[in-house]
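Me: I would like to go through the side-chain contacts of a model in question-and-answer form. Please keep the reasoning short.

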Amino acid sequence: MMKKKIKAAIVGLGFGGAFVPIWREHPNVEQIGICDLDRGLTEKVAKAYDISKVYSSFEDVLMDSSLDAVHLVTRIPDHADQTVKVLESGKHCACTVPMATSL
């Protein structure tokens, strides 16, 4: 039986940019998209890794029903809230540690 390849987005490209080639080359990933508040960084990473799926905002990522998963590599104080929003949008979520700074 053939496994479905996933479509994912990486949000946060400062440290998260290091994950782009990992996701891009994974045999079970069909497509990745990228998103960062720094438009220049987003364009730089898109060009460096030949990424055509670029999002202008986190909300655009959440609204994309074609995505299966989101990898959050954003600011630590944003992790918990963003993770909940990703899960509420019906997508799987990977979140760079720590998940939150308090209970």
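What follows covers aromatic pairing and salt bridges in this predicted model.

Me: How many aromatic pairs are there by the distance rule?
Reply: Ring centres must lie within 6.5 Å to count as a pair. Under this rule, the count is one.

Me: Is the pair formed by Phe 15 and Phe 19 stacked, tilted or edge-to-face?
Reply: A pair of aromatic rings is described by the distance of the centres and the angle of the planes. For Phe 15 and Phe 19 the centres are 5.5 Å apart and the planes are at 90°. Planes over 60 degrees apart fall in one class, so the pair of Phe 15 and Phe 19 is edge-to-face.

Me: Which class of exposure does Phe 19 fall in?
Reply: Buried requires under 20% relative accessible area and exposed requires over 50%. Phe 19 has 22% relative accessibility. Its class is therefore partly exposed.

Me: What is the relative accessible area of Phe 15?
Reply: Phe 15 counts as exposed, a class that starts over 50%. Its relative accessible area is 54%.

Me: How many salt bridges are counted?
Reply: Side chains of opposite charge can pair when their charged atoms come close. The cut-off between nitrogen and carboxyl oxygen is 4 Å. By that rule the number of salt bridges is six.

Me: Which residue forms a salt bridge with Lys 4?
Reply: The closest N and O atoms of this pair are 2.6 Å apart. The pair links distant parts of the chain, with Lys 4 in the segment before β1 (6-11) and the other residue in the loop between α3 (58-63) and β4 (69-72), 64 residues apart. The partner of Lys 4 is Asp 68.

Me: Is Asp 68 buried or exposed?
Reply: Lys 4, on the other side of the salt bridge, is exposed at 60% relative accessible area. Asp 68 has a relative accessible area of 17%. The limit for the lowest class is under 20%, so Asp 68 is buried.

Me: Which strand holds Lys 7, the salt-bridge partner of Glu 30?
Reply: The closest N and O atoms of Glu 30 and Lys 7 are 4.0 Å apart. Glu 30 belongs to strand β2 (residues 29-35), 23 residues from Lys 7. Glu 30 is exposed at 51%, whereas Lys 7 is partly exposed at 22%. The strand that holds Lys 7 is β1.

Me: What is the N to O distance in the salt bridge of Glu 25 and Arg 24?
Reply: Glu 25 is exposed at 55% relative accessibility, and Arg 24 is partly exposed at 37%. Their side chains meet with an N to O distance of 2.9 Å.

Key
Residues numbered from 1 in each chain as written. Predicted model: local features only at pLDDT ≥ 70, side-chain atom pairs only at ≥ 80, totals over all residues. Heavy atoms only, no water. Phe/Tyr/Trp six-rings, centres within 6.5 Å; stacked < 30°, edge-to-face > 60°. Buried < 20%, exposed > 50% of the residue type's maximum accessible area, 1.4 Å probe, protein only. Helix = DSSP H or I, 4+ residues; strand = E, 2+ residues; numbered from the N terminus.
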